[in-house]
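Good morning, and thank you for coming. Please look at the sequence and the structure as I show them, and follow along as I move from one part to the next.

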Amino acid sequence: MHNSFEFAHAWWFHVPMFVLGVSWAIRLRKANFFAAVNPSLGNGGLYNYSKFEAQNHFPKINLPNTCLIHSEENFDVILSKINAENLNYPFIIKPDVGERGKGVKLIQNQGELEIYLTEQPIEACLIQEFIEKAQEYGVFFLKNPMTGKFSIPSLTRKISLQVIGDGISSISELIQNHPRASRYQNLIQAGDSNHIPLHNEVVKLSPMGNHCKGAVFLDYSAYISSEMIASFEQIFEAVEGINYGRLDVKVDELSDLCDPENIIILEVNGANAEPIHMYSPEKNYQDGLKTINSYFQNMGMMAKHNLVGRRRQFRETDTWRSLMQYLKK
């Protein structure tokens with residue numbers, strides 16, 4: 001299940017985004033205008049910003065237990081941090097600075113953790129409680145810095161990669177014959193690949209809702225309600241300087257998005273956030289381009305407002321220095 005452009009090269013969208021970004025930079029006479037969109041996030045949350053710092057702007061009740069570790073730390077120190085946050089296996093580990101699911105892994109035991117830290121000596125990582133809730137969503141948000149009005153223009157259901165048994169084929173055969181799963185065979189850890197699932201048995205091949213790990217994105221924007229908006233507005237009450245982006249969240253069921261106490265935020269995305277509902281199977285490339293253009297307009301207008309009287313606060317030299325550091329990684 002996919003649309004005509006979902007598996008096309010990323011440059012199909014990156015080039016139009018770059019052109020739109022340059023046009024807004026010229027219009028606002030500020031090359032790093034994106035930094036002003038979300039003043040509380042490094043580089044506005046476009047790149048080279050800390051996921052740990054980003055999530056800590058939000059209420060603790062809405063966050064999984066998380067600790068920040070560094071590559072130079074002794075392994076015993078890392079274990080003590082894990083214990084201090086009451087983190088148990090399995091848990092998620094991911095780079096503190098990164099995107100598109102790169103380096104994200106479910107760790108089942110201490111041996112896997114040691115291997116991960118050896119093979120991916122990243123400067124800083126988050127170790128995060130694995131949330132067992134059944135459903136994952138991408139909730140795109142806009143908070144008008146002029147009026148304070150909060151809105152949710154896009155809601156996307158994320159369904160992790162899975163196959164359905166037919167009572168005859170092994171998991172390996174199901175993967176090879178699946179138009180989606182077959183594209184991600186090198187990323188799948190399916191346990192006993194020779195096992196034959198029962199008829200209609202769902203076999204999850206990935207615990208994560210990352211698109212680059214095979215997840216299906218479905219446009220659920222039709223389910224956005226005033227109750228849902230009020231729920232996230234309550235979560236954002238104490239959040240300052242984050243106006244544009246997407247929260248990746250988990251809940252047990254769709255209706256829980258209307259109750260802030262039932263929402264767990266897995267990750268906070270800033271100016272780098274795509275309106276991922278455009279990857280829903282019924283969408284086409286033209287729809288995607290129109291969506292990106294409208295979202296850049298929102299970003300540009302927010303930056304325009306936040307730059308008034310504060311242009312010196314967002315220095316291009318700091319942004320370029322950060323970009324060079326990011327590219328070196």
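Strand 1 and strand 4, the latter covering residues 124-129, pair in the antiparallel sense over five bridges. One position can be picked out here: C67 has I127 in strand 4 as its bridge partner. I should say at once that the model is a predicted one.

These two strands belong to an open sheet of four strands, in the order 1-4-2-3, with antiparallel pairing. Its edges are formed by strand 1 (66-70) and strand 3 (105-107), each of which pairs on one side only. From one strand to the next, the twist averages 30°.

Which strands does helix 3 touch where it packs on this sheet? Helix 3 touches strand 1, strand 2 and strand 4, and its direction makes about 170° with that of strand 1. Helix 4, residues 110-119, also packs on the sheet and touches strand 1, strand 2, strand 3 and strand 4. The direction of helix 4 makes about 5° with that of strand 2.

Between helix 3 (75-84) and strand 2 (91-95) there is a loop, and P90 lies in it. The peptide bond from Y89 to P90 is cis, with omega near -5°.

I now turn to the other sheet on my list. It is an open sheet of five strands, ordered 9-6-5-10-11, again with antiparallel pairing. Strand 9 (216-219) and strand 11 (264-269) stand at the edges with a single partner strand each, so one side of each has no neighbour in the sheet. Neighbouring strands of this sheet are turned by 30° against each other on average, direction ignored.

Within this sheet, strand 5 (residues 135-143) and strand 10 (residues 244-251) run antiparallel and are joined by eight bridges. Along that pairing, F141 stands opposite G245 in strand 10. Helix 6, residues 226-235, lies across strand 5, strand 6 (150-159), strand 10 and strand 11, and runs at about 100° to strand 6.

Please keep F141 in view as we come to the side chains. How many aromatic pairs does the structure hold? There are twelve aromatic pairs. One of them joins F141 and F236: the ring centres are 4.8 Å apart and the planes stand at 55°, so the pair is tilted. Because F141 lies in strand 5 and F236 in the loop between helix 6 and strand 10, this pair ties together parts that are 95 residues apart in sequence.

The structure also holds twelve salt bridges. Among them is the one between E267 and K51, whose closest N and O atoms are 3.6 Å apart. Why does this pair tie together parts 216 residues apart in sequence? The reason is that E267 lies in strand 11, whereas K51 lies in helix 2 (residues 51-55).

The loop between helix 1 and helix 2 contains N48. This residue has a positive phi of about 50°, although it is not a glycine.

Finally, we come to the surface. A nonpolar patch of about 640 Å² is made there by W11, V15, F18, V19, V22 and I26. Of these residues, V19 has its place in helix 1, which covers residues 11-28.

Thank you for your attention; I am glad to take questions.

Methods
Residues are numbered from 1 along each chain as its sequence is written. This is a predicted model: local features need pLDDT of at least 70, side-chain atom pairs count only at pLDDT 80 or more; totals for chains, interfaces and linings use all residues. Side-chain values use heavy atoms; hydrogens and water are left out. Two strands pair if DSSP finds at least two bridges between them. Axes are lines fitted to C-alpha atoms, for helices over the stretch in contact, and angles run from 0 to 180 degrees between N-to-C directions. Contact means heavy atoms within 4.5 Å. Patches are made of residues with over 30% relative accessible area and no salt bridge: like charges are joined within 9 Å, nonpolar side chains (Val, Leu, Ile, Met, Phe, Trp, Tyr) within 5 Å. Accessible areas come from the Shrake-Rupley method with a 1.4 Å probe; for residues, only the protein chains shown count as cover. A salt bridge is a side-chain nitrogen of Lys or Arg within 4 Å of a carboxyl oxygen of Asp or Glu. Rings of Phe, Tyr and Trp (its six-membered ring) pair if their centres lie within 6.5 Å; planes under 30 degrees apart count as stacked, over 60 as edge-to-face and the rest as tilted.
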